[in-house]
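User: I should like to work through this structure step by step. Please begin with the ligand and then turn to the sheets.

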Amino acid sequence: MNKITIALPKGRLADKVLELIQKCGIDMPDVLDERKLIAYDKTGDYKFLFVKPVDVPTYVERGTADIGISGKDTILEEGKDIYELLDLKIGKCKLCIAGKSSKQLNNTHSLKIATKYPNITRKYFSSKQIIPDIIELKGSVELAPITDLSDVILDIVESGTTLKSNGLKVLEDVADISARLIANKVSFKTKYDIISPLLKSLESLTETL
Ligand code: PRP
């Protein structure tokens with residue numbers, strides 16, 4: 001019987017997250033089959049679900065996973081009823097408004113903004129008393145302002161390479177992003193004896209980052 005189920009994000013954060021898990025003293029299988037969506041540590045105490053990053057908070061909120069690792073961007077966008085336990089200080093990047101030039105932001109009456117984050121966008125602009133026309137895209141958001149689908153974008157900027165390659169620049173910073181440890185609210189109480197030592201290990205590992 002597994003003691004705890006942990007939802008981990010597939011994709012760009014995956015390697016850094018697995019490294020952290022190993023450093024906590026959890027022995028993962030030597031070779032992970034990339035197509036396999038469930039894995040167990042060598043003791044069988046820990047069960048890992050490999051989840052599309054955007055879905056991690058859903059698995060945790062519903063209790064299918066007791067804890068999980070999710071980007072702050074996804075946590076803000078999804079607004080799930082979960083506990084955020086720790087900033088893991090990996091996957092650091094920024095949510096930004098970007099576009100060809102700051103002039104693009106002048107037209108506040110019919111500002112067209114392309115994004116994968118409609119909820120964050122709505123909230124950010126409502127604090128400025130602006131109701132933008134939000135164009136929701138699933139990826140390659142940088143294409144929108146250079147094809148005039150939108151005036152600007154709200155998106156993740158990590159190295160800035162994608163913006164630069166497409167003649168775009170950061171116009172406003174919206175939020176600092178990094179990976180967070182999250183927990184199901186019930187599991188946090190019922191499995192506190194397992195979550196707490198893991199949290200402590202992660203805290204001391206991230207202290208130095
Ligand atoms: C993300 C983000 C930007 C890019 C930023 O996209 O949406 O497009 O990375 O990274 P950079 O500043 O280091 O260039 P991702 O690669 O996740 O793909 P997507 O556009 O298909 O969502």
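**Ligand and sheets**

Analyst: In this predicted model, an oxygen atom of the ligand lies 2.8 Å from a polar backbone atom of E158.

User: How much of the area that the ligand exposes when taken alone does the protein bury?

Analyst: Taken alone, the ligand exposes 490 Å². Of that area, the share buried by the protein is 71%.

User: Which residue has a side-chain N or O atom 2.4 Å from an oxygen atom of the ligand?

Analyst: Two side chains may be considered here. An N or O atom in the side chain of D155 is 2.7 Å from an oxygen atom of the ligand. The distance of 2.4 Å belongs to a side-chain N or O atom of T162.

User: How many residues surround the ligand, and which are the closest?

Analyst: The shell is counted with a cut-off of 4 Å between heavy atoms and the ligand. It holds 13 residues. The closest of them are K116, E142, D155, S159 and T162.

User: Which element supplies the largest share of the shell around the ligand?

Analyst: Both β9 (152-157) and α6 (161-165) supply at least two residues of this shell. The largest share is three residues, and it comes from β9.

User: What is the pocket that the ligand occupies?

Analyst: The pockets are found on a grid over the protein atoms alone. The space taken by the ligand is the largest pocket.

User: Which strands are at the edges of the five-stranded sheet?

Analyst: This open sheet has the order β8-β7-β9-β6-β10, and its pairing is mixed. An edge strand pairs on one side only. The edge strands are β8 (133-136) and β10 (169-177).

User: Which residue in β8 is the bridge partner of I113?

Analyst: Strand β7 covers residues 112-115 and is joined to β8 by four bridges. The two strands run parallel. In β8, the partner of I113 is I134.

User: By how many degrees are neighbouring strands of the six-stranded sheet turned against each other on average?

Analyst: The six strands form an open sheet in the order β2-β3-β1-β4-β11-β5, with mixed pairing. Its edge strands are β2 (38-40) and β5 (83-87). With direction ignored, the average turn between neighbouring strands is 25 degrees.

User: Which residue in β11 does E84 stand opposite?

Analyst: Four bridges join β5 to β11 (residues 179-183). These two strands run antiparallel. In β11, the residue opposite E84 is I182.

Definitions and conventions:
Residues numbered from 1 in each chain as written. Predicted model: local features only at pLDDT ≥ 70, side-chain atom pairs only at ≥ 80, totals over all residues. Heavy atoms only, no water. Pairing = 2+ DSSP bridges. Polar contact = N/O pair within 3.5 Å; in protein donor to acceptor, adjacent residues only side chain to side chain. Areas by Shrake-Rupley, 256 points an atom, 1.4 Å probe, with all protein chains shown as cover. 1 Å grid on protein atoms, 1.4 Å probe; cavity = no way out; pocket = protein on both sides within 12 Å on 5 of 7 lines; lining within 4 Å. Sits in = over half its atoms within 2 Å of the grid points. Axes fitted to C-alpha atoms, helices over the stretch in contact; angles between N-to-C directions.
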